[in-house]
Amino acid sequence: MGDQVRVRRWPAYGVAVLFLAYAMGKAVFAAQSRLGFPGGPVVSAAEHESYARDVMAVATAQWSAAASGLLAACLAVATVTTLARRVPRPLMLLALAGMLLAGGAGASIMAVDGFIGIGVGWQWYHGVVGLVAIGLLLEMIRSYARSTRRAAA
């Protein structure tokens with residue numbers, strides 16, 4: 001028991017809260033068949049039409065995003081539970097890397113647009129949220145990898 005590394009739970013809980021907020025925002029917009037995110041840049045009617053015509057139904061896309069946010073929140077919490085110890089470490093690390101790629105891409109766009117401006121419409125405070133999200137994701141993965149390192153060896 002003395003060999004176990006203490007699990008840092010706060011990064012996983014922080015990531016879970018961020019993804020739950022994301023899922024709730026997407027669910028609100030899905031129920032309204034609106035594209036975008038509450039508090040985010042306004043999506044023009046032309047963009048909405050183009051998306052609905054060329055990609056998929058807006059409500060379907062938003063409900064899918066809400067489901068992925070909920071799944072990501074569950075995965076984040078799983079990293080600090082005994083459930084995570086039952087999943088093979090390489091598989092969990094692969095899932096967390098995918099989560100970092102997907103969530104980190106969105107957070108990076110928020111940060112770059114918020115601080116530099118690439119035309120999406122995110123503001124500086126959205127950029128701060130994006131950087132916090134990336135930091136929490138990285139710390140959650142590092143904490144999981146560190147706490148499961150001895151068990152895998």
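This report walks through the overall layout, two helix contacts and the largest pocket of a predicted model.

## Overall layout

Let's start with the big picture. The protein chain has six helices and zero strands, so its elements read α-α-α-α-α-α when you go from the N terminus on. Measured out along the principal axes, the box filled by the C-alpha atoms comes to roughly 60 × 30 × 20 Å.

## Helix 1 against helix 3

Two packed helices are described by the angle between their axes and the distance between the axes. For helix 1 and helix 3, the angle is about 165° and the axes are 8 Å apart. Angles over 145 degrees count as roughly antiparallel, which is why helix 1 is called roughly antiparallel to helix 3. The crossing of this pair is left-handed.

Who touches whom here? On the helix 1 side, the contact includes Ala12, Val15, Ala16, Phe19, Leu20, Tyr22, Ala23 and Lys26. On the helix 3 side, you'll find Gln62, Trp63, Ser68, Gly69, Leu70, Ala72, Ala76 and Val77 among them. Sorted by class, the residues of the contact of helix 1 with helix 3 come out as 20 nonpolar, three polar and one charged.

## Helix 3 against helix 5

Helix 3 also packs on helix 5, and here the axes come within 11 Å and cross at roughly 135°. That angle makes helix 3 oblique to helix 5. The handedness of this crossing is left-handed.

From helix 3, the residues in play are Ala72, Leu75, Ala76 and Ala78, and they meet Met92, Ala95, Leu96 and Met99 in helix 5. By class, that contact has eight nonpolar residues, with no polar and no charged ones. Ala72 and Ala76 of helix 3 turn up in the contact with helix 1 too.

## The largest pocket

Now for the open space: the largest pocket holds about 1,100 Å³. It is lined by 42 residues, and the closest to its centre are Tyr22, Lys26, Gly106, Met110 and Trp122. Tyr22 and Lys26 of helix 1 are also part of the contact with helix 3.

Which elements give two or more residues to the lining? They are helix 1 (10-31), helix 2 (45-54), helix 3 (58-78), helix 5 (89-115) and helix 6 (124-152). Helix 5 gives the most, with nine residues. As for chemistry, the lining divides into 28 nonpolar, twelve polar and two charged residues.

Conventions:
Residues are numbered from 1 along each chain as its sequence is written. This is a predicted model: local features need pLDDT of at least 70, side-chain atom pairs count only at pLDDT 80 or more; totals for chains, interfaces and linings use all residues. Side-chain values use heavy atoms; hydrogens and water are left out. On a 1 Å grid over the protein atoms alone, a cavity is a set of points where a 1.4 Å probe fits but cannot get out, and a pocket is an open set with protein on both sides within 12 Å along at least five of seven lines; lining residues have an atom within 4 Å of a point. Grid points are joined across faces, edges and corners, and a volume is the space filled by probe spheres set on the points. Helices (H or I, at least four residues) and strands (E, at least two) are DSSP runs, numbered from the N terminus. Ala, Val, Leu, Ile, Met, Phe, Trp, Tyr, Cys and Pro count as nonpolar, Asp, Glu, Lys and Arg as charged, and the others, Gly among them, as polar. Axes are lines fitted to C-alpha atoms, for helices over the stretch in contact, and angles run from 0 to 180 degrees between N-to-C directions. Angles under 35 degrees count as roughly parallel, over 145 as roughly antiparallel, 65 to 115 as roughly perpendicular and the rest as oblique. A crossing is left-handed if the near helix is turned anticlockwise from the far one by less than a right angle, and right-handed if clockwise. Contact means heavy atoms within 4.5 Å.
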